[in-house]
Amino acid sequence: NDWLRQLQAMMAIDAAKPQRVKARMLIVVAKQDHMVNPGPARDFAAAIHAPVIELESDCGHQSPGCEKDTLYPRVRAFLDQ
């Protein structure tokens with residue numbers, strides 16, 4: 001039940017209206033993620049004109065760790081802007 005309630009909570013949250021977001025954001029999604037649908041993150045990124053990094057590995061939700069050699073330099077470059 002814990003996982004079910006967490007998923008229901010995540011799906012119900014309207015974290016921010018795009019017009020209220022003032023921060024620069026970099027959105028990272030996994031192309032194949034069986035835990036979280038990356039579609040809403042992509043849509044949110046498009047709404048706020050944020051860059052998206054789409055991870056390609058088969059690691060799913062663990063892709064940031066699997067692709068750290070690719071991801072970390074890109075995040076560093078974003079932060080250095």
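Three salt bridges turn up in this structure, which is a predicted model. Side chains of opposite charge can pair when their charged atoms come close. Let's walk through the pairs one at a time.

Start with Lys31 and Glu56, whose closest N and O atoms sit 3.5 Å apart. Lys31 is in the loop between strand S1 (27–30) and helix H2 (39–48), while Glu56 is in the loop between strand S2 (52–55) and H3, so this salt bridge ties together parts that are 25 residues apart in sequence. Lys31 is partly exposed, at 45% relative accessible area, and Glu56 also counts as partly exposed, at 45%.

Next up is Glu54 with Arg42, where the closest N and O atoms are 2.7 Å apart. Here too distant parts of the chain get linked: Glu54 belongs to strand S2 and Arg42 to helix H2, 12 residues apart. Glu54 comes out partly exposed at 30%, and Arg42 is partly exposed at 29%.

The pair Asp80 and Arg76 stays within one helix. Their side chains meet at 3.2 Å, N to O, and both residues lie in helix H4, four residues apart, or about one turn of the helix. Asp80 counts as exposed at 54% relative accessibility, whereas Arg76 is partly exposed at 47%.

Now for a charged residue without a partner. Glu67 sits in the loop between helix H3 (63–66) and helix H4 (68–80). Glu67 is buried, yet has no salt bridge. Why not? A salt bridge needs the nitrogen and the carboxyl oxygen within 4 Å, and the nearest side chain of opposite charge, Arg74, is 7.1 Å away. Leaving aside residues up to four places away in sequence, Glu67 touches Leu55, Glu56 and Ser57.

Technical notes: Residues are numbered from 1 along each chain as its sequence is written. This is a predicted model: local features need pLDDT of at least 70, side-chain atom pairs count only at pLDDT 80 or more; totals for chains, interfaces and linings use all residues. Side-chain values use heavy atoms; hydrogens and water are left out. Helices (H or I, at least four residues) and strands (E, at least two) are DSSP runs, numbered from the N terminus. Buried means under 20% relative accessible area, exposed over 50%, partly exposed in between (1.4 Å probe, protein chains only). Lys and Arg count as positive and Asp and Glu as negative; His and the chain ends are not counted. Contact means heavy atoms within 4.5 Å.
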